[in-house]
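Work through the exercises below with the structure open beside you. Try each task before reading its solution.

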Amino acid sequence: MSALHAEVQHFYARQMRYLDEGAVAEWAGTFVEDGVFAANGHPAPFRGRDEIEAGARKAAQALAAQGIRRRHWLGMIEVAEQPDGTIRADSYALIIATPAGGQAAVQMSTSCSDVLVRRDGGFLVAERQVCRDDIADRPAEQ
Amino acid sequence: MSALHAEVQHFYARQMRYLDEGAVAEWAGTFVEDGVFAANGHPAPFRGRDEIEAGARKAAQALAAQGIRRRHWLGMIEVAEQPDGTIRADSYALIIATPAGGQAAVQMSTSCSDVLVRRDGGFLVAERQVCRDDIADRPAEQ
Amino acid sequence: MSALHAEVQHFYARQMRYLDEGAVAEWAGTFVEDGVFAANGHPAPFRGRDEIEAGARKAAQALAAQGIRRRHWLGMIEVAEQPDGTIRADSYALIIATPAGGQAAVQMSTSCSDVLVRRDGGFLVAERQVCRDDIADRPAEQ
């Protein structure tokens, strides 16, 4: 378990850095081809890398236009190998936003539940569900 | 050391999730039967699982009444095996609070010193001392 | 990789605790003798332990005078062994500040790139470069 825990942390560090740096194709490539990204703040899940990449690009462009740098912190991670060989990873995710020349602040607090699969010595996300803490408790419907 | 470090992180992820989800009996069960929870913000330490559970229930009910979701982040963890077989774990702990429909923010920054004991392949907290950063430096008296 | 990841986390926990506790000589001792600490918020890098210690002392005194407790959180860590035997470690770093009797808040969000060397079973920082998120993207010039 302890090796897996460190590996998943390392994967998340890389994955979220892609997102925060606007490397949206690389970000989408951390999901399986038909991966699902659901969030209780989105009207519908993104399905597949193309939708995931398009969603990230739109968000990155909006942030760039506002001059905001965003950092995703994932922490408090629990991992569990599943009988089918996938890995369930539950984490807290915090978004920190800093406007150019301005004050950094917590933008949002969420929880994140992933189904990870092993691929080429690393991981890919098969399913992700993000729940914003400011929205009601129910998980986003898929 | 590195395996221990990951194991303790994993334990904290589970433990704090119990607290943040209001699973107060499970939370109390992460302490030894006569565990001590001291905090420089409390008038007296909680002693034993019953007091620890009662304290957590009261806090959970107050938060629920206010519609606030709370997340405890423990990080910057140092662990050290002690000669008596216990584990000393020092961490920083951050509380993030989000009101329903509102803005997430840092509620409190603290440091946390634990004495952990191994039990059934995992850990239990024997003693915890939490020091709020907004209160003077001296540790809470036990 | 997973053992290295945990070891680096542990090193950072110790290192930043030195800084946050005002143990400035111990903090400087976590760098190699001729270590470099560069930051895009500083006019020039600190070079060598004496400069690093002096810089930390000045900051610690200013905070003490204001009654502010500061916590450095490093997370989202990526580590990579380099061909020359050094370790490249990239992280996000968050500074949380709490005034005595006041409200904790995010003070600053940064990213941190380190070159670490192994020494006596642990690590020392050979080069650190910190980039504040509120300042332009270019790394500090060395």
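## Exercises on the interfaces

In this structure, 24 residues of chain C are in contact (heavy atoms within 4.5 Å) with 26 residues of chain A. The model is predicted: local features need pLDDT of at least 70, side-chain atom pairs count only at pLDDT 80 or more, and totals for chains, interfaces and linings use all residues. Residues are numbered from 1 along each chain as its sequence is written, chains are lettered from A and ligands numbered from 1 in the order in which they are written, and side-chain values use heavy atoms, with hydrogens and water left out.

**Exercise 1.** Find the area buried between chain C and chain A, and the three residues that supply most on the side of chain C.

*Solution.* Start with the term. Buried area is the accessible area (1.4 Å probe) that two parts lose on being put together, summed over both. Here that area is about 2100 Å². Carbon and sulfur atoms give 57% of it. Next, pick out C:Met76, C:Glu78 and C:Tyr92: they supply 36% of the area that chain C buries against chain A, more than any other three residues.

**Exercise 2.** Count the salt bridges between chain C and chain A, then locate one.

*Solution.* Apply the rule: a side-chain nitrogen of Lys or Arg within 4 Å of a carboxyl oxygen of Asp or Glu. The count is three. For one salt bridge, look at C:Asp133 and A:Arg71, whose side chains meet at 2.6 Å, N to O.

**Exercise 3.** Describe the contact between chain B and chain A.

*Solution.* First, the residues: chain B gives 26 and chain A gives 24. Then the area: about 2000 Å² is buried, with 57% from carbon and sulfur atoms. B:His10, B:Arg17 and B:Trp73 supply 34% of what chain B buries against chain A, more than any other three residues. Last, the charges: the rule finds three salt bridges across this interface. B:Arg17 appears again here, in a salt bridge with A:Glu78 (2.4 Å, N to O).

**Exercise 4.** How many disulfides are there over all chains?

*Solution.* A disulfide is a pair of cysteine sulfur atoms within 2.5 Å. The search finds zero. Check A:Cys131: its nearest cysteine sulfur, that of A:Cys112, is 9.1 Å away. Now check B:Cys112: the nearest cysteine sulfur, that of B:Cys131, is 9.1 Å away. B:Cys112 counts as buried because its relative accessibility is 3%. Buried means under 20% relative accessible area, exposed over 50%, partly exposed in between (1.4 Å probe, protein chains only).
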